[in-house]
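Me: I would like to go through this structure and ask why certain labels are used. Please set each value against its definition.

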Amino acid sequence: MSKVLVTGGYGLVGSMFNKPNYIPLSSSEADLRIREDIDNVFEKIKFDGVIHCAAKVGGVGGNMNYKGEFFYDNILMNTNVIESARVHRIKNLVSFLSTCVFPDKVDYPLTEKKIHLGPPHSSNDAYAYAKRMADVQIRAYREQYGLNYKSVIPTNIYGINDNFDIENGHVVPSLIHKCFIARETNTPLTIWGSGTPLREFIYNKDVAKLTEWVLENYNEDEPIILSTSEEISIKEVVEMIIELMNFKGEVKWDTDKPDGQFRKPSDNSKIKNYLPDFKFTPLYDGLKETISWFESNYENVRGKKSIHSNQI
Ligand code: NAP
Ligand code: GFB
């Protein structure tokens, strides 16, 4: 493909597409909640493909505190980008779902066919339903217009360029940020919840490589899960981060804070069948690289502000 637009091109995932023909788009260049903004982008440059990473994204705290914005911003951005891409005759597009869109109560492991089999977990239902509608829109556009539009379903993603917002960010960047402050100020490190929930983490660089392959090669109606299928408890993640950051201080567990969904184990056999030799980055190695990047870029990391919408 000669030119590929990457919406959310400076975010955790979007910033990992570094090929010269992949053009990043920021929210200051186009507010994707405004249809005209994305039309203008497609009128200026002829793209062959779109990787739609832009979204209002946050951890369990952000999702619970800003449900209205998580629904409104995501449903508008997805609908506008997918429809404007169609109108501007772009043949290939990949959009991002998340394993949190799956039903909360369903037989595990999660597979692509189970997306719409019941309500998602209450902690992120607004975000999850907005994302599910992108899947519905994409399936409808494949059927009516024969477009090669599709979605990927990553698990929890982490890596450099993440949003290190302590209140509204995801667990890995929040804990790295909090552990750094606790170490530098000799204060306790406070972890949310019980530490028992289980999660699957995938490195942002791996997500970008797999998504590039999906854009160029995958052409099926149903989306595809991007996962290592390796579950780990939050407690074990905390232990890895503490070890990697050489934190020797007190660790406290704040069980007034939400645990969120207990687990969301996913089956990655679909992507593994296509790419049997793909090597996922081990969590320990990815965390090590992320922490060293964080410590050397601390002054400029994202996330020192809350993610309330008028901050965009
Ligand atoms: P991220 O780091 O927060 O990046 C998202 C980008 O979206 C931001 O950098 C922002 O661009 C842009 N954006 C937000 N509102 C916008 C608006 N109104 N108009 C234009 N751009 C806007 O998120 P990410 O973690 O890379 O997520 C990428 C995709 O993966 C998202 O669709 C997300 O839902 C999905 N996902 C993420 C995870 C995870 O654990 N992070 C897991 C599963 C799926 P600016 O920086 O220019 O403001
Ligand atoms: O990453 P996280 O916020 O998202 O939380 P979810 C994962 C787990 O880490 C939860 C625990 O069990 C939290 O209780 N945790 C411990 C912490 N300490 C902390 C902390 O300091 N900050 C945070 N944030 N968590 C999100 C969905 O759910 O997953 C989003 O709400 C999105 O929509 C994302 O899909 C991938 O995995 O619980």
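**The second largest pocket**

Reply: The second largest pocket is lined by F201, T228, E230, E231, I232, F280, T281, P282 and L283. The model is a predicted one.

Me: How do you know that a residue such as F201 belongs to the lining of the second largest pocket?

Reply: A lining residue must have an atom within 4 Å of a point of the pocket. F201 is listed in the lining of the second largest pocket, so F201 has such an atom. The volume of this pocket is about 150 Å³.

Me: What classes do the residues of the lining of the second largest pocket divide into?

Reply: Five are nonpolar, two are polar and two are charged. E230 and E231 are in the lining, and Glu counts as charged.

**Ligand 2**

Me: What makes the approach of V60 to ligand 2 a polar contact?

Reply: A polar contact needs a pair of N or O atoms within 3.5 Å. A polar backbone atom of V60 is 2.7 Å from an oxygen atom of ligand 2, so the pair qualifies. P258 also qualifies, because a polar backbone atom of P258 is 2.6 Å from an oxygen atom of ligand 2. With S98 the side chain takes part: one of its N or O atoms is 3.0 Å from an oxygen atom of ligand 2. The protein covers 98% of the 700 Å² of accessible area that ligand 2 has on its own.

Me: Which residues come nearest to ligand 2, and which element gives the most to its shell?

Reply: Of the 23 residues around ligand 2, the nearest are V60, K178, R199, P258 and D259. Helix 5 gives the most, with four residues. Helix 2 (60-65), helix 5 (171-185) and strand 7 (189-192) each supply at least two. By class, the shell around ligand 2 has ten nonpolar, nine polar and four charged residues.

**Ligand 1**

Me: How do you know that S27, Y127 and K131 make polar contacts with ligand 1?

Reply: The limit is again 3.5 Å between N or O atoms. A polar side-chain atom of S27 lies 2.6 Å from an oxygen atom of ligand 1. For the side chain of Y127 the distance to an oxygen atom of ligand 1 is 2.6 Å, and for that of K131 it is 2.8 Å. These distances are within the limit, so the contacts count. The protein covers 91% of the 900 Å² of accessible area that ligand 1 has on its own. Helix 4 (125-145) and strand 6 (156-158) are the elements that give two or more residues to the shell around ligand 1.

Me: How many residues of each class are in the shell around ligand 1?

Reply: There are 15 nonpolar, eight polar and four charged residues in that shell.

**Rings and backbone**

Me: Why is the pair of F180 and F294 called edge-to-face?

Reply: The structure has 13 aromatic pairs. In the pair of F180 and F294 the centres are 5.4 Å apart and the planes are at 85°. Centres must lie within 6.5 Å, and planes over 60 degrees apart count as edge-to-face, so the name fits. F180 is in helix 5 and F294 in helix 9 (residues 283-296), 114 residues apart.

Me: What makes the bond between Y108 and P109 stand out, and what is notable about N161?

Reply: The peptide bond that joins Y108 and P109 is cis, with omega about 0°. P109 is in the loop between strand 4 (92-96) and helix 4. N161 is a residue other than glycine with a positive phi, near 70°. The place of N161 is the loop between strand 6 and helix 5. Most peptide bonds are trans, and most residues other than glycine have a negative phi.

Terms used: Residues are numbered from 1 along each chain as its sequence is written. Chains are lettered from A and ligands numbered from 1 in the order in which they are written. This is a predicted model: local features need pLDDT of at least 70, side-chain atom pairs count only at pLDDT 80 or more; totals for chains, interfaces and linings use all residues. Side-chain values use heavy atoms; hydrogens and water are left out. A residue is near a molecule or strand if one of its heavy atoms lies within 4 Å of it. A polar contact is a pair of N or O atoms within 3.5 Å; within protein, one must be able to donate a hydrogen and the other to accept it, and residues adjacent in sequence count only if both atoms are side-chain atoms. Accessible areas come from the Shrake-Rupley method with a 1.4 Å probe; for residues, only the protein chains shown count as cover. On a 1 Å grid over the protein atoms alone, a cavity is a set of points where a 1.4 Å probe fits but cannot get out, and a pocket is an open set with protein on both sides within 12 Å along at least five of seven lines; lining residues have an atom within 4 Å of a point. Grid points are joined across faces, edges and corners, and a volume is the space filled by probe spheres set on the points. Rings of Phe, Tyr and Trp (its six-membered ring) pair if their centres lie within 6.5 Å; planes under 30 degrees apart count as stacked, over 60 as edge-to-face and the rest as tilted.
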